[in-house]
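Student: I should like to work through this model one question at a time. Please show the sequence and the structure before we begin.

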Amino acid sequence: MKNIIFLAPPAAGKGTFSEYLVDNYGYTHLSTGDLLREEAEENEELKEFLKSGKLVDDKLIIDLVEKKLKKLAKTQPFVLDGVPRTLQQAQKLDIILNGLGFLNVVAVLIDVEKTTLVDRVVGRKVCPNCHKNYNTIIKEFQPRIDNVCDDCGATLITRSDDNLESFEVRYHEYEESVNPILAFYKAKGCLKVLYNNKVDQTEALKSLRSIVDEH
Ligand SMILES: [Zn+2]
C-alpha cells in the first residue's frame with residue numbers, strides 16, 4: 001500500500017479520509033496536531049508555547065515527524081496530515097523518507113472548490129453532548145429541528161474557529177504556500193488529485209481506494 005501525504009485546504013476532508021484509511025486499511029495516522037500535543041505532554045516549554053497560539057517552528061514539526069517515522073515498521077503504511085506546509089518542509093521530508101527507506105510515497109491533493117469549503121465551515125454545528133456533526137447550509141446534514149440534535153435533543157453549538165474570518169486566514173495561508181509544494185511532488189511524479197466537492201463521498205472514496213491499491 002502507498003504511504004500518503006495529504007495536501008489540502010481547511011475543511012477539505014483530510015480527517016475523514018485519514019480515518020477511512022485507518023479503519024479500512026490499517027494505516028497509521030500521523031497528524032502534526034496530535035504529535036505536537038503528545039510532545040507537549042512531556043515538554044512544559046512547548047505546552048506554554050502552544051497555549052500562546054503562535055505558529056510552531058518548521059524544524060520542530062519536521063523533527064517530531066521524523067522521530068515518529070523512525071518508530072514505524074517499513075511495512076506499516078502511514079498517512080501524514082499537517083506537513084509539508086512549505087517547500088522547505090517538503091524537501092526535508094523527502095530526504096527523511098528516503099533515508100528511512102519509505103519509498104512508496106504519494107502526495108494526494110484533496111481538491112475542493114472554495115465555495116464548498118466555506119459552506120462546510122460556516123454552516124458547521126456540533127452537538128456538545130454526543131458530538132454528532134451537522135451543517136445548517138448543506139441540506140443533507142441539517143438537523144430535523146433547527147439547532148437541536150436529532151439523536152439526543154441537545155442544543156447545537158458552533159466551534160469558535162468555524163467562522164468566515166478564521167477560515168479566510170487559514171485558506172490564505174494554504175493558497176500562499178501550496179503551489180511550490182504541488183510543483184515539487186509533480187516533478188517527482190508522485191502527485192495525485194482527489195476531487196471531493198460533492199456531498200456524497202462515494203466517488204471520492206473510490207478514487208482514494210484506487211490510489212492506495214495502485215502499484
Ligand atoms: Zn447529540
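**The metal site and the helix contacts**

Tutor: Let us begin with the metal in this predicted model. The four donor atoms of the zinc ion make angles of 98 to 124° among themselves, and the site is tetrahedral.

Student: Which protein donors does the zinc ion have, and how far from it do they lie?

Tutor: Each of the protein donors is an SG atom. They belong to C127, C130, C149 and C152, and the distance to the zinc ion is 2.3 Å.

Student: How are the donor residues of the zinc ion spaced in sequence?

Tutor: C127 lies in the loop between β5 (124–126) and β6 (133–135), and C152 lies in the loop between β6 and α7. C127 and C152 are 25 residues apart, and the pair links distant parts of the chain. Written as a pattern, the spacing of the donor residues is C-x2-C-x18-C-x2-C.

Student: Why is α6 called oblique to α7?

Tutor: Two packed helices are described by the angle between their axes and the distance between the axes. For helix α6 (residues 114–122) and helix α7 (residues 164–188), the axes are 10 Å apart and the packing angle is about 135°. That angle makes α6 oblique to α7.

Student: What is the handedness of the crossing of α6 and α7, and how do the residues of their contact divide by class?

Tutor: The crossing of α6 and α7 is right-handed. In the contact, α6 contributes K114, L117, V118, V121 and V122, while α7 contributes L164, F167, E168, R170 and Y171. By class, these residues are seven nonpolar, no polar and three charged.

Student: At roughly what angle do α5 and α7 cross?

Tutor: Helix α5 (residues 87–100) passes α7 in a right-handed crossing. The axes of α5 and α7 come within 8 Å, and the angle at which they cross is roughly 35°.

Student: Which residues of α5 and α7 meet, and how many of the contact residues are polar?

Tutor: On the α5 side are L87, A90, Q91, L93 and D94, and these meet P180, I181, F184, Y185 and K188 in α7. The contact of α5 with α7 has seven nonpolar and two charged residues, and the number of polar residues is one.

Student: How are α1 and α8 oriented to each other?

Tutor: α1 (14–25) and helix α8 (residues 202–213) pack at about 55°, with their axes 12 Å apart. α1 and α8 are therefore oblique to each other.

Student: Which residues make the contact of α1 with α8?

Tutor: α1 passes α8 in a right-handed crossing. The residues of the contact divide into eight nonpolar, no polar and two charged. They are F17, Y20, L21 and Y25 of α1, and A204, L205, L208, R209, V212 and D213 of α8.

Student: Which peptide bond is cis, and which residue other than glycine has a positive phi?

Tutor: Most residues other than glycine have a negative phi, and most peptide bonds are trans. P84 lies in the loop between β3 (78–81) and α5, and A11 lies in the loop between β1 (3–7) and α1. The cis bond runs from V83 to P84, with omega near -5°; the residue with positive phi, near 70°, is A11.

Key:
Residues are numbered from 1 along each chain as its sequence is written. This is a predicted model: local features need pLDDT of at least 70, side-chain atom pairs count only at pLDDT 80 or more; totals for chains, interfaces and linings use all residues. Side-chain values use heavy atoms; hydrogens and water are left out. Axes are lines fitted to C-alpha atoms, for helices over the stretch in contact, and angles run from 0 to 180 degrees between N-to-C directions. Helices (H or I, at least four residues) and strands (E, at least two) are DSSP runs, numbered from the N terminus. Angles under 35 degrees count as roughly parallel, over 145 as roughly antiparallel, 65 to 115 as roughly perpendicular and the rest as oblique. A crossing is left-handed if the near helix is turned anticlockwise from the far one by less than a right angle, and right-handed if clockwise. Contact means heavy atoms within 4.5 Å. Ala, Val, Leu, Ile, Met, Phe, Trp, Tyr, Cys and Pro count as nonpolar, Asp, Glu, Lys and Arg as charged, and the others, Gly among them, as polar. Donors are N, O and S atoms within 2.8 Å of the metal (3.2 Å for Na, K and Ca); water is not among the atoms, so sites may look incomplete. Four donors count as tetrahedral if all angles lie between 85 and 135 degrees; four count as square planar and six as octahedral if opposite donors are over 155 degrees apart and all others between 65 and 115; anything else is irregular.
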